[in-house]
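Thanks for coming. I will go through one chain this morning, with the picture on the screen, and I will keep to what can be pointed at.

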Amino acid sequence: FSAKRVDVGGLMLDERLRQRLAAVALVIACGLCVFTQSSPILQRTIVDHSASVKASAAQTTAAKADKLNPLSGLPTSSITNAKAQALSQFTGTRNLQRSSGFGGGARKFLAAMAAAGGFGLWRAAGSVEHKEPSRKPRVLILLSDTGGGHRASARALVDAFNVLRPGMIDAEIVDVWTEHAPKPFNKFVENYQYLAQRPLLWRGLYGFGRWGPFRRSSNEWTNIKCNKPFRELIESHDPDMIISVHPLCQFVPLRVLRRNLGKTKKIPFVTVVTDLASAHPTWFHKDVDKCFVATEQLAKMARYHGIPNEKISVHGLPIRPEFWSPVQGDAEGKPGIRSSMGLDANVPAVLVVGGGDGVGGIVKVAKAIGDKIRETSGSTPSAQMIVICGKNAEAKAELENYDWGGVKVKVEGFTDKMSELMAASDCIVTKAGPGTITEATIRGLPVMLSSYLPGQERGNVDFVVKGEFGAFSRKPEVIADTVCQWVQDKDKLSKMSATAKSQSNPKATFEIAEEIIDMLSDNTNSETVFPGKERNFIKEQKESSIAASA
């Protein structure tokens, strides 16, 4: 039976109830026919009534037939004919003889009334197409705010949905662990921030979590504690698709879908891996409907963990909208952008990024680069520097008060202008976060890595170094020497910039969103999301948004 709901006499009935009511009506009709034919008591009662009583009863019954009309949906003439036949049977012929048993007219009348009601109920419910009011397809995006990259990727997908199908997809981002998990699971963000500052502890925990027996037992224990609140979350949102952008948002939600909610509704589950070249095994679950990865390295890892090749798509990382197209003023080149930002137009710029939380020893690195620029410069500095301290107010204050000795340095805290800052720069110094590396390749920046988080970011170092568009060192002096060599060798800098850009895919966010919309359209069986005749709109919109960057 389908779950479609229909309007019967102003009541919303589902298909199963409609069929049951119609069946009951038919049974009543048949029962009345049999009962009135075989019951001598009823026969004698009706025959002994006077003709006037019979006529009055017929008129009353006929009036009731009028009330059937709104429910039955039958033409008025059909009900009127039934009334006329009933009246003639009761008052016109006086053929109600004992010898005739009950009398054919009465049988016909009761049978007609029951059949009219049953058929009318069926016709009203079935022949007229009444559908539940349509709603936007709903997408539930699950994450945990352990680092800013997961939410940035989620928002990028939502932005892409709004570009490709403006206002037609209802997408909501939920930190499922912080907002819905019980203690101690709701402390994931706090614990991550603590461990991220202590790489040795993080390395031990990350490595232990990769061990199969521990991972499986941990998953089962987590499911015992979190299955109910996660199920309530999914039921309350009633999504048409679930997207995970976090490694800890696969096992329990998929268990809920496959063993609980999957019995009543098919909800596709999609994983968008937000790591770049290495990832934790918990990212990969064989029951997902689609797994999007950024590189072939991760595609190989997904296959190793049991995801069929046909469920794996390689596009790149979803990135923020400001990286979908060139920066305004880019036609004038970096000098024009630098000039608009108050920097020296013709002096190469080194961008130093400490992450959203300002981690990565940014003060020591920035001072070492500034001192090296001053040492290797003549009367005119060979480079200038932009330093992004993130939320680290202490680091920002210290660098603002530092004596740079004639080197122009622009110090910023948390900023939403990373696209413009990258476009103004000639190289970048950063930790090995996947999002920053991806955005740097789109802007064609050679990448100097100063640190990485053990585990998931270790592969990013190889991606940059083996890709020949960057280098890695933890030592501030080595970092300073390297970037100063780059900015002073224009040919080398230009070659590395071209190599970096060759590793980028600014279309990735649109390509991922396009596949997701396709799956969503198939699952909702609706042309509302992705009309077939308008599929070229996707291609045109995507190309117009990112043509110059591509």
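**Two sheets and what packs on them**

Let me start with one pair of residues: Leu140 stands opposite Ile242, which lies in strand S5. The strands behind that pair are S3, residues 138-143, and S5, residues 241-244; they run parallel and are joined by four bridges. Helix H6, residues 149-164, packs on the sheet there and touches S3, S4, S5 and S6. The direction of H6 makes about 175° with that of S4. Helix H10, residues 212-237, also packs on this sheet, touching S3, S4 and S5, and its direction makes about 155° with that of S3.

Before going further, a word on what you are looking at. This is a predicted model. The pLDDT averages 78 over the chain, and 69% of the residues score at least 70. Over residues 1-15 the pLDDT is below 50, although the model gives this stretch 28 contacts beyond near neighbours in sequence. Residues 60-103 also stay under 50, and there the model has 55 contacts beyond four places in sequence.

Now the overall count. The chain has 550 residues, and 48% of them are buried. It holds 22 helices and 14 strands. Take the contacts between residues at least 6 apart in sequence: 68% of those join residues at least 24 apart.

Back to the sheet we began with. In what order do its six strands lie? The order is S4-S3-S5-S6-S7-S8, the pairing is parallel, and the sheet is open. Strand S4, residues 170-175, and S8 are at the edges with a single partner strand each, so one side of each has no neighbour in the sheet. From one strand to the next, the twist averages 20°.

Please look at strand S7, residues 290-293, in that sheet. Are the residues on its two faces buried or exposed? Lys290 and Phe292 on one side are buried, and so are Cys291 and Val293 on the other, which leaves both faces covered. As a general point, side chains in a regular strand alternate between the two faces of the sheet.

S7 has a partner on either hand. Strand S6, residues 269-272, runs parallel to S7 and is joined to it by three bridges; Val272 has Phe292 in S7 as its bridge partner. Strand S8, residues 312-314, is likewise parallel to S7, with three bridges between them. Here Val293 has Val314 in S8 as its bridge partner. To get from S7 to S8 the chain passes through helix H12, residues 296-304, and this β-α-β crossover is right-handed.

Next, the second sheet. This is also an open sheet of six strands with parallel pairing, in the order S11-S10-S9-S12-S13-S14. Its edge strands are S11, residues 409-412, and S14, residues 470-472, each of which pairs on one side only. The average twist from one strand to the next is 15°. Helix H14, residues 362-376, packs on this sheet and touches strands S9, S10 and S12. The direction of H14 makes about 175° with that of S10.

At one end of that order, strand S13, residues 447-451, runs parallel to S14 and shares three bridges with it. Val447 stands opposite Gly470 in S14. Val447 also leads us to Ile437: the two are ten residues apart along the chain, and their C-alpha atoms are separated by 7.4 Å. Ile437 is found in helix H17, residues 434-442. Why does Ile437 count as buried? Its relative accessibility is 0%, and the cut-off for buried is under 20%. Apart from residues up to four places away, Ile437 touches Leu276, Ala432, Leu449, Asn460, Phe463 and Val464.

Last, the nonpolar cores. Which residues touch the most other members of the largest one? They are Ile243 and Leu351, in a core of 57 residues. Helix H21, residues 508-524, gives the most to this core, with seven residues. Beyond its neighbours within four places in sequence, Ile243 has contacts that include Leu140, where we started, as well as Phe161, Val270, Val272 and Ile516. A second, separate core has 34 residues, among them Ala181, Ile234, Ala299 and Ile307.

That is the end of my part.

Notes: Residues are numbered from 1 along each chain as its sequence is written. This is a predicted model: local features need pLDDT of at least 70, side-chain atom pairs count only at pLDDT 80 or more; totals for chains, interfaces and linings use all residues. Side-chain values use heavy atoms; hydrogens and water are left out. Buried means under 20% relative accessible area, exposed over 50%, partly exposed in between (1.4 Å probe, protein chains only). Two strands pair if DSSP finds at least two bridges between them. A crossover is right-handed if, with the strands pointing away from the viewer, the path from the first strand over the helix to the second runs clockwise. Axes are lines fitted to C-alpha atoms, for helices over the stretch in contact, and angles run from 0 to 180 degrees between N-to-C directions. Contact means heavy atoms within 4.5 Å. A nonpolar core is a set of buried Ala, Val, Leu, Ile, Met, Phe, Trp, Tyr and Cys residues joined through side-chain atoms within 4.5 Å. pLDDT is the predictor's confidence in each residue, from 0 to 100.
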